[in-house]
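Visitor: Please take a close look at the salt bridges in this model. Put them in the setting of the chain, and add whatever helix packing and backbone detail belongs with them.

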Amino acid sequence: MEYSKATDLKWHAFWKNERLFNVDIKDTSKPKYYCLVMFPYPSSELHVGHARNYIIGDAVSRYKIMRGYNVLSPMGWDAFGLPAENQAIKHKIHPQTWTLKNIERIKEQLNSWGIGYDWDREITTCFPQYYKWTQWIFLKLYQKGLAYRKEAFANWCPSCKTVLANEQVVDGACERCSTKVEQKKLKQWFLKITSYADRLLEDLSLLKDWPEKVKIMQINWIGKSEGVEIDFPIENSNEKIRCFTTRIDTIFGATFLALSWEHQVIKELVKDSINKNQIEEFINKVKNQPLSARLVENFEKEGIFTGKFAINPLSGKKIPIWIANYILTEYGTGAIMCVPAHDKRDFEFAKKYNLEIIEVIKPSQHTTTLPIAVFEGEGILVNSGNFSGLTSRDAKEKIAFYLEEANIGRRAVNYKLRDWLISRQRYWGAPIPIIYCDSCGEVPVPENNLPVLLPYNIEFLPTGQSPLTFAKEFTQTTCPNCKRPAQRETDTMDTFVDSSWYYLRYISPKEENVAFITEDVNRWLPVDQYIGGVEHAILHLLYSRFINKFLYDLGLVNFPEPFAKLFTQGMIVKDGFKMSKSKGNVVAPDYIIDKYGADTMRLYILFMGPPQKDAEWQDEGLQGAYRFLQRALRLVDVLKEYNNTEEGQPLNSFERALLKKIHSTIKEVTVDLEGDFQFNTAIARIMELVNQIYKSLNEGFLRKSIFYQAVDTVFLLLSPFTPHISEEVNNILGNKCSIFRRSWPLYYEEYLKEEEIEIAVLINGKVKDKVTISTDWDKRSVEEKILSLEKVKKILGNNTPKKIIYVEKRLVNIVV
């Protein structure tokens with residue numbers, strides 16, 4: 001049988017005709033299974049590195065269809081975003097034109113790979129029928145006080161004249177033009193995700209089928225810290241500086257305070273300082289250092305002394321107040337009590353500026369760590385007044401109690417998680433549905449006026465402001481309350497808002513009156529299997545969990561978590577690096593399909609290694625996959641010409657061995673697919689079955705019915721991985737329906753029973769031979785067989801065994 005691209009095209013048309021992947025969500029005759037692959041950003045055509053997650057998702061969907069599930073497998077497009085707008089500026093092409101062209105090309109590619117989706121449910125986030133409901137969710141958040149506007153600093157590229165997200169800043173520079181990024185203060189919109197911090201943490205316990213590393217990444221991102229807030233009086237002032245610490249046991253070692261450059265007390269501290277100009281210069285320098293750069297561990301720590309002192313409220317010592325670039329406003333109070341003996345960053349800073357270092361914690365009462373190293377662990381308190389001698393654990397409790405009794409501190413909880421900044425000063429995004437009126441202030445757009453449409457005719461000028469600012473037909477409107485002239489908000493929403501709820505829209509993608517139908521969503525969600533890259537472990541997954549919980553609180557969904565099971569696939573790399581055009585290591589799939597067919601690419605990608613781990617692309621491996629498929633297909637040709645029958649005769653040893661291999665392979669492949677998607681081992685087992693079939697044909701007699709069963713099983717098991725070839729073989733073997741309308745093969749335990757086993761023969765505890773025995777032999781039969789062996793007889797000679805020990809089905813030990 002010949003396999004080519006023509007085979008692929010034939011079956012693409014067949015599946016479309018059969019509506020194989022079109023699901024009736026009202027059908028309750030089968031159990032539901034919602035398999036969702038993260039939808040792509042249509043920035044350019046796909047390469048084989050992108051293909052892995054789509055092929056994994058398709059294999060899972062096809063397998064579940066054969067297991068009798070009503071499978072929902074939809075696809076859509078995360079279509080808003082910065083790259084499209086950059087292309088508009090660079091090539092003078094409208095971002096919508098560029099985006100829709102890319103969607104058309106990617107859709108063509110997915111179809112050519114044999115990826116099956118219910119295309120009737122396709123969604124595109126840049127279409128008004130979708131972003132109308134993104135805006136509606138924003139309004140619901142606004143009504144609940146969870147969407148608000150405030151001034152905040154943003155990453156600013158002076159060359160591109162635009163705001164950048166943190167992930168677009170690499171080593172302090174713009175990822176596109178490498179210009180040094182500055183910080184710019186703008187009024188921006190936020191969503192109050194911090195109100196859900198505890199629930200986002202606690203409900204991770206519900207996600208039993210998520211990778212542990214993803215849950216740990218979310219725990220660390222939320223960064224819940226339990227500690228103490230303590231007030232440090234400023235010398236000769238009524239002002240105090242409040243610091244948060246998780247290590248109140250180290251307070252006697254606090255030898256200086258360090259403030260974030262934004263701290264509100266700085267203005268008062270430096271108003272009369274003779275170094276005011278130098279301090280202001282330092283602040284200007286720090287505020288232009290991107291937050292992402294200041295989070296790097298080896299970031300150079302710098303500071304400036306304010307000229308003022310605070311009083312350590314427990315030691316009574318006067319300690320200097322510094323402004324330091326490694327202190328973040330985003331965490332705690334923006335002020336840190338610095339303990340250089342027990343914090344690496346503080347130690348580096350203190351050594352640089354010659355500040356006092358006092359050891360107050362020892363690992364034990366008999367060792368010291370300074371000045372060679374910083375001891376950051378817990379231990380025994382020293383140099384800590386009445387608290388010396390206590391363990392860190394006891395001291396934390398007693399010092400916290402003392403501070404609360406003295407009214408100079410209190411227990412507190414802090415989070416690293418910040419509210420979600422959703423403002424983008426760009427055109428290509430969902431408009432934020434807010435109107436500004438001189439009389440009424442900030443006014444939400446009425447729901448019946450949604451969507452707020454993006455105007456099409458826009459000048460893309462890189463001014464640093466949204467192009468919408470200059471579109472009078474967009475900005476000029478009427479206040480919904482007082483009917484006077486008003487202005488629209490010109491910021492658009494972060495694309496993560498669009499993707500935070502898309503999994504719900506697939507259930508009712510054409511619904512015009514609601515974002516989704518609650519009854520249907522509650523039946524189909526949470527998503528049974530979500531598949532995507534680990535790079536989305538924090539932002540996309542966390543934002544989706546937040547929005548889902550908000551909708552849960554509104555009573556619109558009845559499930560607290562959107563994704564029941566998560567699978568994060570590894571990358572396919574080439575020459576040790578992630579595939580990218582800039583590195584010149586991209587492997588395009590088109591030539592592979594033209595030369596080898598889509599199933600060869602699919603099989604190789606699934607076989608190249610454990611799917612959750614990175615794998616190196618090798619052309620030799622692709623050729624190996626092709627050779628295997630050709631070898632498997634030759635069995636079909638042999639079968640067509642095969643005439644051996646002899647039905648009704650007892651099974652011979654070759655037939656028994658092959659039946660056992662058929663059923664053990666079905667069992668093992670099923671376990672691989674039901675577990676952690678071990679496609680590579682599943683395919684390896686099918687390869688072993690093919691080898692066994694050839695062995696049975698070459699070395700023994702095989703009746704046609706068993707040969708047919710073996711070949712049929714091979715392609716049933718391969719069908720989720722190589723659907724085109726499997727459909728073709730299914731048709732050749734005389735089946736009238738699609739292979740995916742057939743049931744997944746079952747295994748029978750009776751064929752898996754061992755009839756013969758090999759056991760070790762020991763004499764005086766040393767292995768001398770091996771022997772094959774029947775599993776139904778008793779001990780006497782085994783002993784007779786062992787004593788008849790020529791090798792055993794030669795060793796024993798005239799000696800009579802004192803004892804024969806038989807460990808059933810494992811070994812026999814003859815004691816002489």
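**Salt bridges and their setting**

Guide: The chain contains 26 helices and 34 strands. The model is a predicted one. Its C-alpha trace spans about 105 × 80 × 50 Å along the principal axes. The chain has 816 residues, and 53% of them count as buried. Of the contacts with a separation of 6 or more, 73% are between residues 24 or more positions apart.

Now to the charged pairs. Side chains of opposite charge can pair when their charged atoms come close. Searching the whole structure gives 49 salt bridges. Three of these pairs are described here, starting with Glu 728 and Lys 10, whose closest N and O atoms are 3.1 Å apart. Glu 728 belongs to helix H24 (residues 723–732) and Lys 10 to helix H1 (residues 5–18), so this salt bridge ties together parts that are 718 residues apart in sequence. Glu 728 has a relative accessible area of 15%, and because buried means under 20%, Glu 728 is classed as buried. Lys 10, with a relative accessible area of 40%, is partly exposed.

A second salt bridge joins the side chains of Arg 105 and Glu 45, with 2.8 Å from N to O. This pair also links distant parts of the chain, 60 residues apart: Arg 105 sits in helix H4 (residues 95–112), while Glu 45 sits in the loop between strand S1 (32–37) and helix H2 (48–66). Glu 45 has a relative accessibility of 39% and counts as partly exposed. Both residues also take part in a network of salt bridges that links Glu 45, Arg 105, Glu 108 and Asp 590.

The third salt bridge is formed by Asp 58 and Arg 62, with 2.7 Å between the closest N and O atoms. These two residues are four apart in helix H2, so about one helical turn separates them. Asp 58 and Arg 62 are both buried.

Two of the helices in this account can be followed into their packing. Asp 590, a member of the network, leads to helix H18 (residues 589–596), whose axis comes within 12 Å of that of helix H20 (residues 619–640), the two crossing at roughly 30°. With that angle, H18 is roughly parallel to H20, because angles under 35 degrees count that way. The crossing of H18 and H20 is right-handed. On the H18 side the contact is made by Tyr 591, Ile 592 and Tyr 596, and on the H20 side by Asp 619, Leu 622, Gln 623 and Tyr 626. Sorted by class, the contact of H18 with H20 consists of five nonpolar residues, one polar and one charged.

Helix H24, the one that holds Glu 728, packs with helix H19 (residues 598–607) at an angle of about 120°, the axes being 7 Å apart. H19 and H24 are therefore oblique to each other. Ala 598, Asp 599 and Arg 602 of H19 make the contact with Pro 723, His 724 and Ile 725 of H24. The contact of H19 with H24 divides into three nonpolar, one polar and two charged residues.

Some backbone details lie in loops. Pro 446 is in the loop between strand S22 (441–444) and helix H13 (472–475). Its relative accessible area is 26%, which makes Pro 446 partly exposed. Pro 446 and Trp 136 are 310 residues apart in sequence, but their C-alpha atoms are 9.4 Å apart in space. The loop between S22 and H13 also holds Pro 451, which is joined to Leu 450 by a cis peptide bond with omega about 5°. Another cis peptide bond joins Leu 525 and Pro 526, with omega about 10°. Pro 526 lies in the loop between helix H16 (518–524) and strand S26 (529–533).

Two residues other than glycine have a positive phi to check. For Asn 383 phi is near 50°, and the residue lies in the loop between strand S17 (380–381) and helix H12 (392–405). Asn 383 is exposed, at a relative accessible area of 53%. For Asp 575 phi is near 55°. Asp 575 is placed in the loop between strand S28 (572–574) and strand S29 (577–578) and is exposed, with a relative accessible area of 52%.

Terms used. Residues are numbered from 1 along each chain as its sequence is written. This is a predicted model: local features need pLDDT of at least 70, side-chain atom pairs count only at pLDDT 80 or more; totals for chains, interfaces and linings use all residues. Side-chain values use heavy atoms; hydrogens and water are left out. A salt bridge is a side-chain nitrogen of Lys or Arg within 4 Å of a carboxyl oxygen of Asp or Glu. Buried means under 20% relative accessible area, exposed over 50%, partly exposed in between (1.4 Å probe, protein chains only). Axes are lines fitted to C-alpha atoms, for helices over the stretch in contact, and angles run from 0 to 180 degrees between N-to-C directions. Angles under 35 degrees count as roughly parallel, over 145 as roughly antiparallel, 65 to 115 as roughly perpendicular and the rest as oblique. A crossing is left-handed if the near helix is turned anticlockwise from the far one by less than a right angle, and right-handed if clockwise. Contact means heavy atoms within 4.5 Å. Ala, Val, Leu, Ile, Met, Phe, Trp, Tyr, Cys and Pro count as nonpolar, Asp, Glu, Lys and Arg as charged, and the others, Gly among them, as polar.
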